[in-house]
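The questions below ask why certain words are used for parts of a protein model, and the answers set values against definitions. Please keep the sequence and the structure in view as you read.

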Amino acid sequence: MRTLTKILFLFIFLLLCLGAGAQSRTISGKIVDATDGSALVGVNVFIKGTTTGTSTDLDGNFRISVSADDVLVFSYIGYNDLELVVNSRTVFDIQLESSAEELDEVVVVGYGTLQKREITGSITKLGGESLLNTQTPSFEAALQGRAAGVQVIQGSGLAGSGSVIRIRGIGSISAGGDPLYVVDGIPITQSQFTNASRNGGAMNTNPLATLNPNDIASIEILKDAAAAGIYGSRGSNGVILITTKRGSTLGDNFNFSMKFGTSAPVAKAKMLNADQYLQLYQEAWENDGNVGRATLPGGMTWDEIERRNINTDWWDENVQDGFKQDYNFSWTKGTKKLKTYMGLSYSDNQSYLVGNSFERASARLNTDYEISSATKLSSSVSYTRGNNNRVNAAWSGGLGDAMSTALPIYPIYNDDGTFWNQTGAPNSIRQRELTDWNTVDTRIIGNLSLNHALDNGITLNVMGSYDYFESNDDKWEAGELVGRNDIVGQAFANITEVHNYNGVVTGEYTFNLNGNDLKVLAGSEYQQSTRSAVTGKGITDVTEQLRFDPTPGENSESFGGTPINDEVTKFISFFSRFNYNIANKYFFQATLRTDGSSKFGPDNRFGFFPTVGFSWFANEEDFMSNVDVISLLKFKINYGITGNSDFGTNEYIGTYLRQGPPDQNGYAFNPILFPTKLANPDLKWETTSNFDVGFEAGFLDDKIILEFDYYRKVTKDVLAQIALPPQNGIDNSIFENVGEVSNTGIELSLSTINYSSENFKWSTNFNISRYSNKIESIGNFSEEAVSGGTNDTRVIVGKPVGTNFLVRFSHVDPATGRPVYLDIDGNETFNWDPKDRIAVGKVLPDFTGGLTNTLTYKNWNFSFLLVFTKGGNIYDSSSKRQLGVVTTWNMREDLFDRWRQPGDVATYPRLTLDTETYGSGTPWINTDLWLHDASYIRLRNVSLSYQIPLAEGFLKNASVTFSATNLLTFTNFVGLDPEIARDFEDATDRNMSSNITYLTPPQERSFNLGVNINF
């Protein structure tokens, strides 16, 4: 840490030295649009005849050191240049007149902003307001369908659940594949596996659910190397930059909004009722050669079922009409010196599962203070507390049981009103009522930055930030539920804390070279993240103590907490960016970044990640001057290298375990030390080379905008978990760099203004993308050695990451009703053998995209968003249990298409209770019979709003909005929902099993009514 401090201070000292001997007089000012008075960001301000210059900040303000006889030149794309003599003035309030060229919008990039015109890479910008009408468990799911090349799969309909987001494919096997999230310059804690409790009830931890979408001003998605390369080793999977709202206008402005809604599942599982179940179970019994009435599971008898008329619909018992409410209040205040934004929010998102909800309370305070004309201080701080009231949804209770082991012949209550309880037969209502389970996430994100304009035109920015995340997973089960009458309850706790510290210092300077601008940014960043965790279990015999307590009380015993060793990760970077503009037509960009990470050994700790990019506005050449139909024609090309270090801490270090007296015998009663994980000091960075070429074209005065990109990404030294051979004597795996993975794709975006008049406007945004993913090599390792995913997904050279590896199902034999498989050579056989598995199906869709239409008529606004996926397969792991060998699982109505007698041509084999009938010793047989088409079109969002006309008075604006989410879905998928993302075990499983579903709760359909007022 001391070394780092010295480096940072040395860097600051060098920048300060550059300013030595500069002019002593500093002037300031603000530049706005002459038409509407809006602040202009990024206006070039330089002294005529010199290279000394600066540019305006996010509020249009600038500072520069001058002398009285200097001439200031104000230059901005889309506006007429302006020249003014300084004389004795100290404050310049400038209004620039727009030229005939359309004004380019400002885009947030890494460590600063650029005009969209200057961008040489692929960036999609979304306004924060565009995300609010789509009701989602967490803000990131609302990005779905809005950006080409960005695949968003919402986890499920559970409250607070996360999403899987892939930007231009998957480049890794065992390292993280999700983009980096940066909030106001802070790379935040985002891992789905932060909490020690994993694979819990069909939802991973989702730290992003604590972010309040109402505080978001804009989101920029950086997709290629030219855009994301400034983040070096953290840019391989793309970057999502989140900018929160800040105070800007003079005076006070208040905003209040509230929203109410309902929640229901988009589909209901077609499970058998009691009569149907008994009929099919009896049929299986008789098919196996048995006579008489079948012996039923769960200790149930035919007489009891008939006497009590039992027909339990476990789905309906676990599903409700959820209620949602959301309240937001914000206040902005602006003075000449101080600008403030304050936001308060409370939401209660009740899902359609009984007992499941996510409550979030948040507060944010953003301030900007102008200490002097040369110095500005900014701060952001937010506090969020999220309370996830959880229920088991995938197994061992809840909706999972309703689709599996909770049979319709099982009752909920006994005749005396007590809960029905039978060993081996679940009662999800009993479990829900006797369980109290919630996860409380507390998050504090804060930063403080100082921006200072040196007298020589260098702008220096220093920022420090802190991101604190605590997840307290707390579960209590009544003694009755765990089969102990001597205790009141049993508690489990998983408590995780993450402290994330970040420091950044940058210096920026704009050279004016014969009318051409060269912007230079240089900086350094240091990040330290510490994760600590404790997991524990306790029991109590007093009602008052229902929670796990590491310190046992007087009347309780505790098994205590088991602390997990702190994981400390340190990260240091040095970076620079160069943007050169020639005649506002040719733009060059280069970034250089060196990253060092403590996750690698001393010999491989640092990586170098350069990028270069170029763009050309061909429409401004003389030969295009007479082509009136084309208003914009921009070509771009870039190449760069990014990296990935998103995997476990200290994986390169070997570990050992001591065993011996007094707790264990050891070896011959002597203590021993033996290895549990082998060291790998040669472990190094996973690196991705990115190539991107594309164009942007505008027609008819930009009423039609077309964007196209082709990209190819090749990831080398891929990080993967490798299973060790048995002769090593260690039952563990290690991380290795194994080979290459490639992603190749195309993206197309089309924006049109279809009609525009004084009272009516209709616009359309369409995007579509396609990519291919392939494992090019795994080096000297065998495919069996590289860790796979759930349900036989694995690494296969020449195939995509996570390819389904299954025995092929041929047909049902019409004569016998037995399933017929294909062996590895394609020959038909009645025997299922895992040795016959081959690569089958398609993990990746043919293409994905979205279509948004927005229509405005006077005070009315109507919009709808369609999202679609064509091709690809889903492996429904539930099907092999619901539609295979009859076990203690309920069955689906799909089994009505089954073989019943010789000559039948059916989809599913004859019913049986005997696994040998299907040629296997297991009832759960992995075959491609359970691979289904994943294509779908979904009406993701519909919104209708009305701006209420107001006379002058207390209210400035008022609007009412009705919106619906997931209104309609068109698909041939036989399961519940074609949009799936399971509860994953780890990053390897998240990459390798992206198309696997297992009792996954479907998305929710919601209807919402909102009111928004300004005063």
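Q: Which strand gives the most to the lining of the largest cavity?
A: Strand 11 gives the most, with four residues. A strand here is a DSSP run of type E with at least two residues, while a helix is a run of type H or I with at least four, and both are numbered from the N terminus. A residue belongs to the lining if it has an atom within 4 Å of a point of the cavity.

Q: How far can such statements be trusted, and what are they based on?
A: This is a predicted model, in which local features need pLDDT of at least 70 and side-chain atom pairs count only at pLDDT 80 or more, whereas totals for chains, interfaces and linings use all residues. Residues are numbered from 1 along each chain as its sequence is written, and side-chain values use heavy atoms, with hydrogens and water left out.

Q: What makes an empty space a cavity, and how many of 30 Å³ or more does a search of the whole structure find?
A: On a 1 Å grid over the protein atoms alone, a cavity is a set of points where a 1.4 Å probe fits but cannot get out. Rolling a probe the size of a water molecule over the atoms shows where empty space is left. The search finds 13 cavities of 30 Å³ or more, and the largest has a volume of about 460 Å³, where a volume is the space filled by probe spheres set on the grid points.

Q: What lines the largest cavity, and which residues lie nearest its centre?
A: The lining holds 36 residues, of which Q151, I153, P845, T848 and T869 lie nearest the centre. At least two lining residues come from each of several strands, among them strand 12 (163-167), strand 37 (760-777) and strand 44 (847-857). By class, the lining has 18 nonpolar, 15 polar and three charged residues; Ala, Val, Leu, Ile, Met, Phe, Trp, Tyr, Cys and Pro count as nonpolar, Asp, Glu, Lys and Arg as charged, and the others, Gly among them, as polar.

Q: Why does N853 count as buried or exposed?
A: Buried means under 20% relative accessible area, exposed means over 50%, and partly exposed lies in between, with a 1.4 Å probe and protein chains only. N853, which is found in strand 44, has 8% relative accessibility and therefore counts as buried.

Q: How do you know that the side chain of N853 makes a polar contact with the side chain of T764?
A: A polar contact is a pair of N or O atoms within 3.5 Å, where within protein one must be able to donate a hydrogen and the other to accept it, and residues adjacent in sequence count only if both atoms are side-chain atoms. The contact between the side chains of N853 and T764 is 2.6 Å, and another, of 2.8 Å, joins the side chains of N853 and W762.

Q: Is D692 buried or exposed, and with which side chain does the side chain of D692 make a polar contact?
A: D692 is found in strand 32 (residues 686-699), and at 0% relative accessibility D692 counts as buried. The side chain of D692 makes a polar contact of 2.9 Å with the side chain of R168.

Q: Why is D275 called buried or exposed?
A: D275 belongs to helix 3 (residues 274-287), and its relative accessibility is 61%, so D275 counts as exposed. D275 and N311 are 36 residues apart in sequence, yet 7.9 Å apart in space, C-alpha to C-alpha.

Q: What makes strand 2 and strand 5 a pair?
A: Two strands pair if DSSP finds at least two bridges between them. Strand 2 (residues 44-47) and strand 5 (residues 71-75) share four bridges, in the antiparallel sense, with I47 opposite L72 and N44 opposite S75. Strand 5 is also joined to strand 6 by four antiparallel bridges.

Q: Which strands stand at the edges of the sheet with the order 47-46-50, and why?
A: This is an open sheet of three strands with mixed pairing, and strand 47 (931-933) and strand 50 (996-997) are its edges because each has a single partner strand, which leaves one side of each without a neighbour in the sheet. Strand 46 (residues 873-876) and strand 50 run parallel and are joined by two bridges, with Y875 opposite I996.

How values were computed: 1 Å grid on protein atoms, 1.4 Å probe; cavity = no way out; pocket = protein on both sides within 12 Å on 5 of 7 lines; lining within 4 Å.
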